[in-house]
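Hi,

Here is the structure I promised to pass on. Have a look at it first, and then read on for what I found.

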Amino acid sequence: VLPKLIKHYQFIDSFLQVKPGRYIWDGNGSGWDNILKVQRHRYWVETPAMQALAAKYIIKMANVLGDKLIAKRFSGEVEKKRKVMEDYWNKDKSWYCSLDSAENFTGKTISGMWPVLAGLVPPERVKSIVQLNLMNREKFLTPEMPLPSLAKDEFGYDPEGKYWQGSVWLNMSVMTLQGLEEHGYEKEATGLAIRTLNGMAK
């Protein structure tokens with residue numbers, strides 16, 4: 001299994017990465033089909049974070065197998081991705097954002113939580129992400145169901161959802177809740193989970 005995971009990691013880096021830390025997807029490849037109608041993503045924030053998360057699992061497997069060289073190599077990969085994530089941090093919005101073709105920040109999408117799950121975010125930033133965005137009724141704490149794909153205060157947000165323009169996707173919600181739990185925000189994660197289940201029940 002490990003060699004195949006390494007090959008997959010290498011494939012993503014060689015096929016989607018056009019320069020260090022810049023990964024290109026289209027709407028179909030990313031799954032975010034219609035987000036490009038309202039947010040001009042070019043370099044996607046989740047991809048380097050996902051690669052870091054993949055590298056961490058490769059390290060765990062390499063350690064079990066006693067392969068110190070692979071573990072060391074992919075520890076270096078994690079650190080590369082950690083440095084790259086600085087380019088995606090929008091301090092004005094306290095969120096990790098994708099970049100457009102001019103490398104300007106796009107709007108806040110729930111994908112900005114991937115760096116948190118991947119363990120690439122300093123504690124003080126996680127705190128600001130939670131307090132200023134996730135638990136903010138004008139951003140991601142939407143009333144019917146929390147954690148919309150596009151934040152409520154961003155251009156293109158639609159309260160009716162319209163796929164990736166404000167809909168809630170449970171896979172992204174689970175990713176977000178897991179990231180919160182791993183950083184000690186169990187209370188917030190539980191509250192968001194309850195709100196999500198209540199929203200599903202309506």
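Let me start with a loop residue. L147 sits in the loop between α6 (123–134) and α7 (170–182). Please keep in mind throughout that this is a predicted model. The phi of L147 is near 65 degrees, which is a positive value in a residue other than glycine. Is L147 buried or exposed? With a relative accessibility of 2%, L147 counts as buried.

E103 makes a nice companion to look at. Its phi is also positive, near 65 degrees, and E103 is not a glycine either. You will find E103 in the loop between β4 (95–96) and α5. E103 is partly exposed, at a relative accessible area of 32%. One more positive phi belongs to G66, which follows α3 and has a value near 75 degrees.

Now to the helices, beginning with α1. This helix covers residues 2–16, 15 residues in total. From the first C-alpha of α1 to the last is 21 Å, close to the 21 Å expected at 1.5 Å a residue. Its buried residues are L2, I6, Y9, I12, D13 and L16. Viewed down the axis of α1, these buried residues fall within an arc of 140 degrees, so they line one face of the helix. P3, K4, K7, S14 and F15, on the other side of α1, are exposed.

What do the buried residues of α1 pack against? Their partners are β1 (17–19), β2 (22–23), α3 (46–65) and α4 (68–84).

The pairing with α3 is worth rotating into view. The axes of α1 and α3 come within 10 Å and cross at roughly 155 degrees. An angle over 145 degrees counts as roughly antiparallel, and α1 and α3 are therefore roughly antiparallel to each other. Their crossing is left-handed. On the α1 side, the contact is made by L2, L5, I6, Y9, I12 and D13. The α3 side contributes T47, Q51, A54, A55, I58, M61, A62 and L65.

As for α3 itself, it has 20 residues and reaches 29 Å from its first C-alpha to its last, close to the 28 Å expected at 1.5 Å a residue. Its buried residues include E46, T47, P48, A49, Q51 and A52. Also buried in α3 are L53, A55, I58, I59 and A62. Among the elements covering the buried residues of α3 are α1, β2, α4 and α5 (114–117).

Happy browsing, and best wishes!

Key:
Residues are numbered from 1 along each chain as its sequence is written. This is a predicted model: local features need pLDDT of at least 70, side-chain atom pairs count only at pLDDT 80 or more; totals for chains, interfaces and linings use all residues. Side-chain values use heavy atoms; hydrogens and water are left out. Helices (H or I, at least four residues) and strands (E, at least two) are DSSP runs, numbered from the N terminus. The expected span of a helix is 1.5 Å times one less than its number of residues. Buried means under 20% relative accessible area, exposed over 50%, partly exposed in between (1.4 Å probe, protein chains only). The arc is that of the directions from the helix axis to the C-beta atoms. Contact means heavy atoms within 4.5 Å. Axes are lines fitted to C-alpha atoms, for helices over the stretch in contact, and angles run from 0 to 180 degrees between N-to-C directions. Angles under 35 degrees count as roughly parallel, over 145 as roughly antiparallel, 65 to 115 as roughly perpendicular and the rest as oblique. A crossing is left-handed if the near helix is turned anticlockwise from the far one by less than a right angle, and right-handed if clockwise.
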